[in-house]
Amino acid sequence: MMKEYWQEELEVSSRSSLEKLQIERLNKTIEYAIQSPYYNKLFNKKGISPGSIKNIAQIQDLPFTTKQDLRNNFPYGFLTLPKKEIIRLHSSSGTTGNPTVIFHNRHDINSWANLMARSLFCAGVRDTDVFQNISGYGLFTGGLGFQYGIEALGCLSIPAGAGNSKRQIKLMQDYGTTVAHAIPSYLGRLYEVFEQENLDPKKNTQLHTLVIGAEPHTEEQRQRIEAMFGVKAYNSFGLSEMNGPGVAFECTYQSGLHIWEDAFYVEIIDPETLQPVPDGEYGELVMTTLDREAMPLIRYRTRDITRIIPGKCKCGRVHRRIDRITGRTDDMFIIKGCNVFPMQIEGVLLKIPEVGSDYLITLETVNDVDEMVVEVEVKPNWFSGDIRKLDQLTKQITTQIRDEVLAKPIVKLVEKGSIPRAEGKAVRVADKRNNGLK
Ligand code: AMP
Ligand code: ZN
């Protein structure tokens with residue numbers, strides 16, 4: 001019989017046996033954690049000891065861990081094992097101050113590779129595929145994280161790295177790439193290069209699947225990518241603190257992302273009260289590693305906003321699904337008294353066919369008034385066209401954004417290529433207001 005799941009015994013088990021495994025693994029995790037300077041001090045103070053968890057709800061008695069805790073104890077404060085046992089570190093850039101660094105021993109790397117293989121298998125990738133990983137290899141987890149998973153699954157891997165679109169296209173053609181992984185904001189640019197080269201990815205490649213993730217994107221963006229490349233595009237979610245990719249992944253039903261609950265304990269909390277919210281309601285994702293030895297993290301506050309999708313998935317997997325990330329507790333901005341998530345604006349823009357794939361939201365103070373300026377790249381044939389049409393389009397976008405977020409934006413249509421491209425993940429918001437985020 002054809003294999004349907006990567007690890008049938010874990011993926012289609014019952015909720016009760018999954019919970020049993022979680023309790024076992026949580027106690028083991030505490031056993032490891034208590035060996036790190038940070039948790040040792042904290043747990044001793046709070047009287048937490050290994051073996052003390054008898055039912056999984058007791059996890060709520062454990063303290064949260066935040067990015068600031070990681071920064072304050074940089075670099076080795078969370079390490080549970082002697083350095084001799086550690087074989088790799090990854091670190092995340094982004095904000096100022098100490099980076100966030102995560103250490104792995106061999107067990108951790110193997111477990112991560114297995115989760116990645118499971119994730120890819122669940123999105124329909126098989127060992128017969130040729131997999132091009134368009135992702136930075138280095139401290140960023142998207143390169144090596146995928147690489148080990150692709151190899152564990154047994155695909156022919158092409159460790160292409162990020163950027164150099166002409167070369168990416170050539171690799172696709174030379175080796176008959178069938179699956180590729182990239183961040184969604186890059187795929188629009190890659191498509192432009194296909195067009196410049198007078199190539200159509202639908203006709204001139206063998207791609208059938210794209211794995212997209214590492215940054216927020218909307219359903220509209222996914223659908224555009226699927227239409228441009230003639231593929232199925234699957235959402236991949238992860239964060240360096242939880243290894244990187246391979247945390248939650250869409251199955252072929254594309255109805256939410258299965259979050260691997262045998263490796264991570266998942267809570268959704270109200271970020272204000274810190275209490276759990278019922279399934280189906282949005283809140284902040286909090287995660288505990290259940291299968292990591294070198295650097296376990298307990299109740300880590302991810303700042304990502306999502307919800308548990310109630311009900312079972314048609315694929316039969318026992319792991320619950322989270323919805324696509326709608327934003328972060330920290331990327332929401334307030335303008336003219338309205339709470340705005342950048343993804344709401346993207347949702348509006350990408351429904352408009354004349355709009356290209358890049359945009360930039362700048363928040364600035366003009367004559368003491370805070371304004372939201374939205375620069376939008378429009379498709380080339382539109383820019384050279386009729387001024388009246390451009391005016392009409394500007395008005396249309398302005399009204400639609402205002403209807404969505406309730407604050408009126410200043411919309412500026414710009415030529416394709418005029419918004420500066422970020423090296424890695426796309427930068428969508430620039431806050432230049434006098435008082436910063438309000
Ligand atoms: P990093 O640790 O630098 O890889 O960044 C992790 C963060 O990227 C997460 O906490 C999310 O905010 C974001 N992220 C990763 N994957 C996705 C995804 N599929 N959709 C939305 N945001 C994502
Ligand atoms: Zn499913």
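Which residue lies over the face of Phe64? In this predicted model, that residue is Arg301, placed 5.9 Å from the ring centre. A second contact of this kind involves Lys83, whose charged end sits over the ring of Tyr76 at 4.2 Å from its centre.

Rings also meet other rings here, with 9 aromatic pairs in the structure. One of them joins Tyr39 and Phe78 edge-to-face, with 5.3 Å from centre to centre and 85 degrees between the planes. Tyr39 belongs to helix α3 (residues 37–46), while Phe78 is found in the loop between α4 (67–72) and β1 (86–92), so the pair ties together parts that are 39 residues apart in sequence. Both Tyr39 and Phe78 are buried. Together with Tyr38 and Phe43, these two make up one aromatic cluster.

Tyr39 turns up again in the nonpolar interior. The largest nonpolar core counts 53 residues, and Tyr39 is among those with the most contacts inside it, along with Phe43, Phe237, Met242, Ile259, Met287 and Leu297. The element that gives the most to this core is helix α2 (residues 15–33), which supplies 5 residues. A second core, separate from that one, has 26 residues, including Cys338, Met343, Leu349 and Ile397. As for Tyr39 itself, once its neighbours within four places in sequence are set aside, its contacts are Ala33, Ile34, Asn44, Thr65, Phe78, Pro296, Leu297 and Ile298.

Then there is the metal. The zinc ion (ligand 2) is held by four residues: Cys251, Cys313 and Cys315 each coordinate through SG, and His258 does so through NE2, at 2.1 to 2.3 Å. The angles subtended by the 4 donor atoms run from 98 to 120 degrees, which makes the arrangement tetrahedral. Read along the chain, the donors follow the spacing C-x6-H-x54-C-x1-C. Cys251 sits in the loop between β8 (244–250) and β9 (257–259), and Cys313 in the loop between β13 (308–309) and β14 (321–322); the pair links distant parts of the chain, 62 residues apart. Cys251 is buried, and Cys313 is too.

Finally, a look at Lys412, in strand β20 (residues 410–415). Lys412 has a relative accessible area of 42%, so it counts as partly exposed, the range between 20% and 50%. Neighbours within four places in sequence aside, Lys412 is in contact with Val373, Val374, Glu375 and Val376. Val277, by contrast, is 135 residues from Lys412 in sequence and 40 Å from it in space, C-alpha to C-alpha.

Terms used
Residues numbered from 1 in each chain as written. Chains lettered and ligands numbered in written order. Predicted model: local features only at pLDDT ≥ 70, side-chain atom pairs only at ≥ 80, totals over all residues. Heavy atoms only, no water. Core = buried A, V, L, I, M, F, W, Y, C linked by side-chain atoms within 4.5 Å. Buried < 20%, exposed > 50% of the residue type's maximum accessible area, 1.4 Å probe, protein only. Helix = DSSP H or I, 4+ residues; strand = E, 2+ residues; numbered from the N terminus. Contact = heavy atoms within 4.5 Å. Donors = N, O, S within 2.8 Å, 3.2 Å for Na, K, Ca; no water. Tetrahedral: all angles 85-135°; square planar, octahedral: opposite > 155°, others 65-115°. Phe/Tyr/Trp six-rings, centres within 6.5 Å; stacked < 30°, edge-to-face > 60°. Lys NZ or Arg CZ within 6 Å of the ring centre and 35° of its normal.
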